[in-house]
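This report walks through one protein chain, from its strands and core to a few individual residues. The sequence and the structure are shown here for reference.

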Amino acid sequence: MAGLQFVEVEETSNQIPAVIQLLDGETVVQEITVDQTEWEEKQGHVTMFNVEIPKKYDGQWNAETFTAKAYDAAGNALETNVNQRSNKIILINFPNYSEDGGYVMAGLQFE
């Protein structure tokens, strides 16, 4: 058929995070559960508040301090990257979720 182009569309449902581990080196600082319904309703752009992490990080962290490991509901690892928005906000990106990617933005509470 002249004029038609076929585009391969990547399945995004296997790129939805169920659990995110926020790590400092090899130490798990916090494990975050992602509500699947909220992720889908917000099209992969989820904001969370009062995510507790140890007080020692208050004013003492940057984008290089933390890494994130994320897993889908089946336990498969997902690609992530971490950015610091401010001392109290961390952004965990999921570049393989949809064309624009997805993210979890977490407001940190230092306990």
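A strand, as the word is used here, is a DSSP run of E with at least two residues, numbered from the N terminus. In that sense Asn50 is found in strand β3. The model is a predicted one, and the values below are computed from it.

**Strands and their pairing**

Strands of a sheet pair through backbone hydrogen bonds, in either a parallel or an antiparallel sense. In this model an open sheet of 4 strands follows the order β2-β1-β4-β5, with antiparallel pairing. Its edges are formed by β2 (27-33) and β5, each of which pairs on one side only. Further pairings involve β8, which runs parallel to β3 and antiparallel to β7. The table sets out three of the pairings, each with a pair of bridge partners.

| Strands | Sense | Bridges | Bridge partners |
|---|---|---|---|
| β1 and β2 | antiparallel | 6 | Val19 and Thr33 |
| β3 and β8 | parallel | 7 | Val46 and Val104 |
| β7 and β8 | antiparallel | 6 | Ile89 and Gly107 |

**The nonpolar core**

In soluble globular proteins, nonpolar side chains tend to be buried together. Here the largest nonpolar core has 26 residues, and those with the most contacts inside it are Ile20, Trp39, Ile53, Phe66, Ile90, Phe94 and Val104. At least two residues of this core come from each of β1, β2, β3 (45-53), β4, β7 (89-94) and β8 (102-110). For Ile90, leaving aside neighbours within four places in sequence, the residues in contact include Leu22, Trp61, Phe66 and Val82, and also Val104, Met105, Ala106 and Leu108. Asn83 is likewise in contact with Ile90.

**Asp72, a buried acidic residue**

Asp72 lies in the loop between β4 (67-71) and β5 (77-78). How far away is the nearest side chain of opposite charge to Asp72? That side chain, Lys69, is 15 Å away, and Asp72, although buried, has no salt bridge; the cut-off for such a bridge is 4 Å, so a separation of 15 Å does not qualify. The side chain of Asp72 does, however, have a polar atom 2.8 Å from the backbone nitrogen of Asn76. Not counting residues up to four places away in sequence, Asp72 touches Asn14, Ile16, Ala18 and Leu78.

**Gln36 and the segment it meets**

Gln36 lies in helix α1 (residues 36-41). With a relative accessible area of 28%, Gln36 is classed as partly exposed, because that value falls between the 20% limit for buried and the 50% limit for exposed. Apart from residues up to four places away in sequence, Gln36 touches Ile16, Pro17 and Ala18, and the side chain of Gln36 reaches the backbone oxygen of Pro17 at 2.8 Å. Gln36 and Ile16 are 20 residues apart along the chain, yet their C-alpha atoms are separated by 7.4 Å. Ile16 and Ala18 are also among the residues that Asp72 touches.

**Two residues with positive phi**

Most residues other than glycine have a negative phi. Gln43, which is not a glycine, has a positive phi of about 55°; Gln43 lies in the loop between α1 and β3 and counts as exposed at 58% relative accessibility. Asn50, also not a glycine, has a positive phi of about 60° and, as noted at the start, is found in strand β3. Asn50 counts as exposed because its relative accessibility of 55% is over 50%.

Note on methods: Residues numbered from 1 in each chain as written. Predicted model: local features only at pLDDT ≥ 70, side-chain atom pairs only at ≥ 80, totals over all residues. Heavy atoms only, no water. Buried < 20%, exposed > 50% of the residue type's maximum accessible area, 1.4 Å probe, protein only. Lys, Arg positive; Asp, Glu negative; His and termini not counted. Polar contact = N/O pair within 3.5 Å; in protein donor to acceptor, adjacent residues only side chain to side chain. Contact = heavy atoms within 4.5 Å. Pairing = 2+ DSSP bridges. Core = buried A, V, L, I, M, F, W, Y, C linked by side-chain atoms within 4.5 Å.
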